[in-house]
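Colleague: Could you take one part of this model and go through it closely for me? I'd like to see how it sits against the rest of the chain.

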Amino acid sequence: MSGSSHKFGINPLLMYIGLTNNYYLESIQEALGGIDLANREWRTNAKVQNEFLKKLSEMDNFSKEIMLLFSGTEIEELKKFVTVYRNLLKKLHANQLVVDSVRQESINYSQNFDNLSVSNKLEERGKKVVEEFESLKDVACEIKTKDLMKQLFNETRFTA
């Protein structure tokens with residue numbers, strides 16, 4: 001997450017792939033499809049979409065359960081990180097659905113993609129995603145600066 005979002009020029013699909021490039025979230029990487037724009041199977045693949053929704057639900061539950069497992073002050077920031085991370089994935093998914101729909105509409109009806117993107121407020125949606133991403137980066141920096149993971153590890157070590 002150390003890279004900049006380059007304001008509003010970041011590709012949501014690449015951001016999503018970067019955010020799900022870990023063991024815990026690898027099962028939902030296909031929820032937005034891939035770089036091949038002609039492959040739209042991801043939208044209709046119920047298994048992939050259900051896995052995405054399950055993972056969001058798990059993250060939501062985890063952000064609540066963490067408060068039950070630990071008692072230190074670091075927990076609020078960690079809970080916030082999980083919540084913002086989940087919200088960002090959800091926004092990226094919703095935005096990709098809209099972008100894909102606009103792209104398909106421009107192909108099917110021979111309409112200008114730029115005009116359709118304005119009427120579907122794609123730029124505003126993109127700005128909101130970037131704001132969420134920046135918020136996630138801020139929380140991650142706070143966790144790193146305060147070394148909250150070490151505090152959590154120490155609390156875990158004392159309770160074991």
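Modeller: Let's take α4, which runs over 74-108. At 1.5 Å a residue, its 35 residues should span 51 Å (the expected span being 1.5 Å times one less than the number of residues), and the end C-alpha atoms are indeed 51 Å apart, so the two agree. Bear in mind that this is a predicted model, where local features need pLDDT of at least 70 and side-chain atom pairs pLDDT 80 or more, while totals for chains, interfaces and linings use all residues. Numbering starts from 1 along each chain as its sequence is written, and side-chain values use heavy atoms, with hydrogens and water left out.

For context, the protein has 7 helices and 0 strands (DSSP runs numbered from the N terminus: H or I of at least four residues for helices, E of at least two for strands). Before α4 comes the loop from α3, where Ser71 sits. Ser71 counts as exposed because its relative accessibility is 66% (exposed is over 50%, buried under 20%, partly exposed in between, with a 1.4 Å probe and protein chains only). Its C-alpha is 8.6 Å from that of Glu155, 84 residues away in sequence. At the other end, α4 is followed by Ser110, with a positive phi near 50°.

Now the packing. α1 and α4 meet at about 145° with axes 10 Å apart (axes are lines fitted to C-alpha atoms over the stretch in contact, and angles run from 0 to 180 degrees between N-to-C directions). On the α1 side, Pro12, Leu13, Met15, Tyr16 and Leu19 meet Tyr85, Leu88, Leu89, Leu92 and Gln96 of α4 (contact means heavy atoms within 4.5 Å). An α-helix has 3.6 residues a turn, so residues three or four places apart point the same way.

Several of those residues turn up again in the largest nonpolar core, which has 22 residues, with Met15, Tyr16, Leu19, Tyr85, Leu88, Leu89 and Leu92 making the most contacts inside it (such a core joins buried Ala, Val, Leu, Ile, Met, Phe, Trp, Tyr and Cys through side-chain atoms within 4.5 Å). α1, α3, α4 and α6 each give two or more residues to this core, and α4 supplies the largest share, 6 residues. Apart from this core lies another, of 7 residues, including Leu78 and Ile143.

If you want one α4 residue to click on, try Leu89: leaving out residues up to four places away in sequence, it touches Tyr16, Leu19, Thr20, Leu25, Ile28, Phe52, Leu56 and Met59.
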